[in-house]
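Colleague: Could you take a single part of this predicted model and go through it closely, following it outwards into its surroundings and giving the cut-off behind each term?

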Amino acid sequence: MSLYRNTVWFLKGLREYTKGGYEAAAKHFAAEDLQVDVTGRSYMITGANSGIGKAAALAIAKKGGTIHLICRNKERAEEAQKEIIASSGNQNISVHLLDMSNPKEIWEFAEKFKTENRLHVLVNNAGCMVNSRELTGDGIEKNFATNVLGTYVLTKALLPVLENEDDARVVTVSSGGMLVQKLDVSDLQFEKATFDGTMAYAQNKMTWSDDSKVCGYNVTPV
């Protein structure tokens, strides 16, 4: 990591990831903006059995949205589904098992989903950080396959069904950690550089930044 990137990361952390940063941001938060009813709108959230994905699913479920949880582990997915239904009282919570590192499986899932469902919002939240260089069955580095390629394939495949709806959205979750790694488009899968799982993850997230056009369309990171 370069001195420049270390400095940027440090200054960003001081400004945004401290108590002072939270309090500064809170001044611009309007609670009434969240007082909406999304009954009748359909949301797909990847990596929805824990963390940000689960929290987003619960919040939306409480406001009446139909939720499609995209998860890899059946047991954890069904546990999250039960918790969300119990906490929200919303029964419209579905589980779909999907490996986001498998582009063929993703495409086939999306093609079937489009024939049976409506979709207003896709939240690309799923991600992984494998610390040793591991290849998928397709010969693709696991972090890249999940965080970049899988996200791209799912979004690309679902665009037709999203475009059928008014005010459709795609939200792709990025990370402030992307600031620690320069985007090297000539080595997206760390085939040349010494592999580091954290840096691979950071570069993956950098592909979704406003400045990157790696994936061919502009998706706003949050």
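Modeller: Let us take β1, a strand that is mostly covered, with five of its five residues buried. Buried stands for under 20% relative accessible area, exposed for over 50% and partly exposed for what lies in between, with a 1.4 Å probe and protein chains only; strands (E, at least two residues) and helices (H or I, at least four) are DSSP runs numbered from the N terminus. The model is a predicted one, in which local features need pLDDT of at least 70 and side-chain atom pairs pLDDT 80 or more, while totals for chains, interfaces and linings use all residues. Numbering starts from 1 along each chain as its sequence is written, and side-chain values use heavy atoms, without hydrogens or water.

In a regular strand, side chains alternate between the two faces of the sheet. In β1, S42, M44 and T46 lie on one side and Y43 and I45 on the other, and both of these faces are covered, since all five residues are buried.

β1 has two pairings to consider, a pairing requiring at least two DSSP bridges between the strands. With β2 the strand runs parallel, and five bridges join the two; S42 stands opposite T66 of β2 in this arrangement. With β4 the sense is again parallel, over three bridges, and here I45 stands opposite V123. The link from β1 to β2 includes a helix, as β1, α3 and β2 make up a right-handed β-α-β unit (with the strands pointing away from the viewer, the path over the helix runs clockwise).

β1 also takes part in the largest pocket of the model, since the strand, residues 42-46, supplies at least two residues of its lining, as do α3 (51-62), β4 (121-124) and β5 (169-172). A pocket is an open set of points on a 1 Å grid where a 1.4 Å probe fits, with protein on both sides within 12 Å along at least five of seven lines, and its lining residues have an atom within 4 Å of a point. This pocket has a volume of about 540 Å³, counted as the space filled by probe spheres on the joined points. Of its 21 lining residues, L34, V38, Y43, I60 and V121 lie nearest the centre, and Y43 is also one of the buried residues of β1. α3, the helix of the β-α-β unit, gives the most to this lining, with five residues. By class, the lining holds 14 nonpolar, two polar and five charged residues, where Asp, Glu, Lys and Arg count as charged, Ala, Val, Leu, Ile, Met, Phe, Trp, Tyr, Cys and Pro as nonpolar, and the others as polar.

α3 contributes to the second largest pocket as well, where α3, β2 (66-71) and α6 (142-162) each supply at least two lining residues. The volume there is about 430 Å³, and among the 20 lining residues G47, N49, R72, A126 and G127 lie nearest the centre. This lining divides into seven nonpolar, nine polar and four charged residues.

Finally, β5, which shares the lining of the largest pocket with β1, is flanked by two loops that deserve a look. In the loop between α6 and β5 lies D167, a residue other than glycine whose phi is positive, near 55°, and which is partly exposed at 48% relative accessible area. In the loop between β5 and α7 (197-206) lies F190, whose phi is also near 55°, but F190 counts as buried, at 6% relative accessibility.
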